[in-house]
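Reader: I should like to understand how the terms used for a structure are justified. Please take them one at a time.

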Amino acid sequence: MDDTLKRLLAAENAAGELVAKAQADSDHKVQTALQEARQQEDRFQARVPEIRASFLEKSDQRANQTVAEMERRFQETLSQLRDAAEAHEEAAVDAAFSHLLGDNEKDRP
C-alpha cells in the first residue's frame, strides 16, 4: 500500500511539474508574442512618415494628372468654340450689315 501511495504521489508530482512547465512555456510564448507585436508596432510607427509621404506624393501626382486632363479638355472646348465663332462670323457680319442697311424690311409683313 505504501508503494502504491508513493507511486501515486510521484505521478502527481510529475504531473504537477508537467503542468507548471506547460504553464511556463505558455507564459513565455505569450510574452514573446507580445514583444514581437510591440516591435511590429514600433516598426510600423517608424514607417508612418514614409507611408504618409508616399501617399501624399501619389495624391499630388493624381491631382496634377487631373488638372492636366481638365486643362486639355478646356483647350479642346475653347478650340471648338473658336472654330464655331469663325465659321459663323461671316454670316453674322452679313446679317448685321443687312439689318443696318434696311434689307430686313422686306422680311417684315
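Reader: What share of the 109 residues of the chain counts as buried, and how is that word defined?

Author: Of the 109 residues, 1% count as buried. Buried means under 20% relative accessible area, exposed over 50%, and partly exposed in between, with a 1.4 Å probe and protein chains only. This is a predicted model, in which local features need pLDDT of at least 70 and side-chain atom pairs pLDDT 80 or more, while totals for chains, interfaces and linings use all residues. Residues are numbered from 1 along each chain as its sequence is written, and side-chain values use heavy atoms, without hydrogens and water.

Reader: Why is Val93 called partly exposed?

Author: Val93 has a relative accessible area of 36%. Partly exposed lies between 20% and 50%, so Val93 is partly exposed.

Reader: Why is Asp83 called partly exposed?

Author: The relative accessible area of Asp83 is 47%, so the term partly exposed applies. Asp83 is found in helix H1, and so is Val93, with H1 covering residues 2–100.

Reader: How many helices and strands does the chain have?

Author: The chain has 1 helix and 0 strands; these are DSSP runs, a helix (H or I) of at least four residues and a strand (E) of at least two, numbered from the N terminus.

Reader: What makes the chain more spread out than a compact globule?

Author: Its radius of gyration, taken over C-alpha atoms, is 44 Å, whereas the globule rule (2.2 Å times the number of residues to the power 0.38) gives 13 Å for 109 residues; 44 Å is well over this, so the chain is more spread out than a compact globule. The C-alpha atoms fill a box of roughly 140 × 35 × 15 Å along the principal axes.
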